[in-house]
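Let's take a friendly walk through the pockets of a protein. Have the 3D view ready, and follow along as we go.

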Amino acid sequence: MRVAPFSLHIDDRAIDDLHARLSATRWPDELDAEPWSYGADLADLKRMTGYWRDGFDWRAQEAGINGLRQFRGEAGGFGLHFIHERGQGPAPLPLLISHGWPGSFVEMLDIVPMLADPARFGGDPADAFDVVVPSLPGYGFSDRPTVPGMTPLRMAELFAALMEGLGYSSYGVQGGDWGATVSTWIARHYPECVRGMHLNWIPGSYQPPTGPGAPSSEAELAFQATMSAAAAHGVSTHTGIHASRPQTLGYGLNDSPAGLAAWLIDKFRMLADCDGDIESAIGLDRLLTNVSVYWFSETITSAIRLYREARGQPLRFEPGERIVPPLGFASFPKEVATPPYEWVARVYDVRRWSEMRRGGHFAAMEQPAALAEDIRAFFRLLR
């Protein structure tokens, strides 16, 4: 596999264009109603985008990203951007971490050093990992698909090829959101390669076998009701437009940085453990770094198309079918809806189930130290 070092550098003209577009934003009107009750709040968004234009230091964020070892490689004929940090310890375990939406590889910037060099953070160097964080196809600085078919399974195939190309025949996988789906597909299709799997989200399309041989418990029925209620209250309404008309939505989001920020930050606020104050859970600089990656790479349309591509390939399992590699699961209390243990254990080989103290959907950004420790503790059993 051909691999070349990658250093992020956005042209000054692109930064100037962003600032000009932010200055020229044509703001919508707003009802006199509870802030954020109809979506992104006008005053908050003006403040955030004003800071993005006048106070946010992209060059400082860019330098921080470039402090991690990045590469571009070709797997299966497709170009992938990825972080590859070698572990600082006696026998680092390779670990592939996949991100989700509305995040990007930016989600993992804090947790990568904690996993690669645990001693630096008060941990045991014996727990070190060789950490690989690819940008999903169509996200960040990976290639954008040009034809249909870039499903989570196809991404799993590319990531497995990436790990093989890097010389790793046995490794762990980890992820939340889409990263949990991709990790599950890798474990399902390449069990001989996956030492273990750690997730902080059970894929929304996951459906264990049902019927006479698999009765639903009270907890499982309650979980299904919670998921239905969440959908009814708009928590996952973005999936509908993403899965049906992503191209239509993309025109506005790719053209307006204020619109892009509204769409992404609104989802972070809805899904994080923040009691309505997203900046208390994830700093504004980190949020805007993530939005900036989408803006500068022009990948919002290709990213949301994943929902359309995945629609016809859900994680459905037949009676008796199991995922072989062992699972460690971190259950964060403000996640949208976490299925009960028995729902997950119908297919996954659950070896560790951790009830986390704080955190929501974006665990690596909200609670990186807690997530890193749970990952280390799970894989400690498998080394």
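The largest pocket in this predicted model holds about 920 Å³ of space. Its lining is made up of 37 residues, and those closest to the centre of the pocket are W201, P203, G204, S205 and T239. Try finding these five in your viewer, then look outward from them to the helices that help form the wall. Four elements each give two or more residues to this lining: α6 (178-189), α7 (218-232), α8 (238-244) and α13 (300-310). Of the elements, α7 supplies the largest share, with six residues.

What is the lining of the largest pocket like chemically: how many of its residues are nonpolar, polar and charged? Nonpolar residues number 23, polar residues 11, and charged residues three.

Now let's move on to the next pocket. The second largest pocket contains about 340 Å³ of space. Around it are 22 lining residues, and P28, D29, E30, A40 and L42 are the closest to its centre. Here the elements that give two or more residues to the lining are α2 (42-54) and α10 (257-271). With three residues, α10 gives the most to the lining of this second pocket.

We can sort this lining by chemistry as well. In the second largest pocket, 12 lining residues are nonpolar, five are polar and five are charged.

To go over the two pockets once more, colour α7 in your viewer for the largest pocket, where this helix gives six residues to the lining. Then colour α10 for the second largest pocket, where this helix gives three.

Definitions and conventions
Residues are numbered from 1 along each chain as its sequence is written. This is a predicted model: local features need pLDDT of at least 70, side-chain atom pairs count only at pLDDT 80 or more; totals for chains, interfaces and linings use all residues. Side-chain values use heavy atoms; hydrogens and water are left out. On a 1 Å grid over the protein atoms alone, a cavity is a set of points where a 1.4 Å probe fits but cannot get out, and a pocket is an open set with protein on both sides within 12 Å along at least five of seven lines; lining residues have an atom within 4 Å of a point. Grid points are joined across faces, edges and corners, and a volume is the space filled by probe spheres set on the points. Ala, Val, Leu, Ile, Met, Phe, Trp, Tyr, Cys and Pro count as nonpolar, Asp, Glu, Lys and Arg as charged, and the others, Gly among them, as polar.
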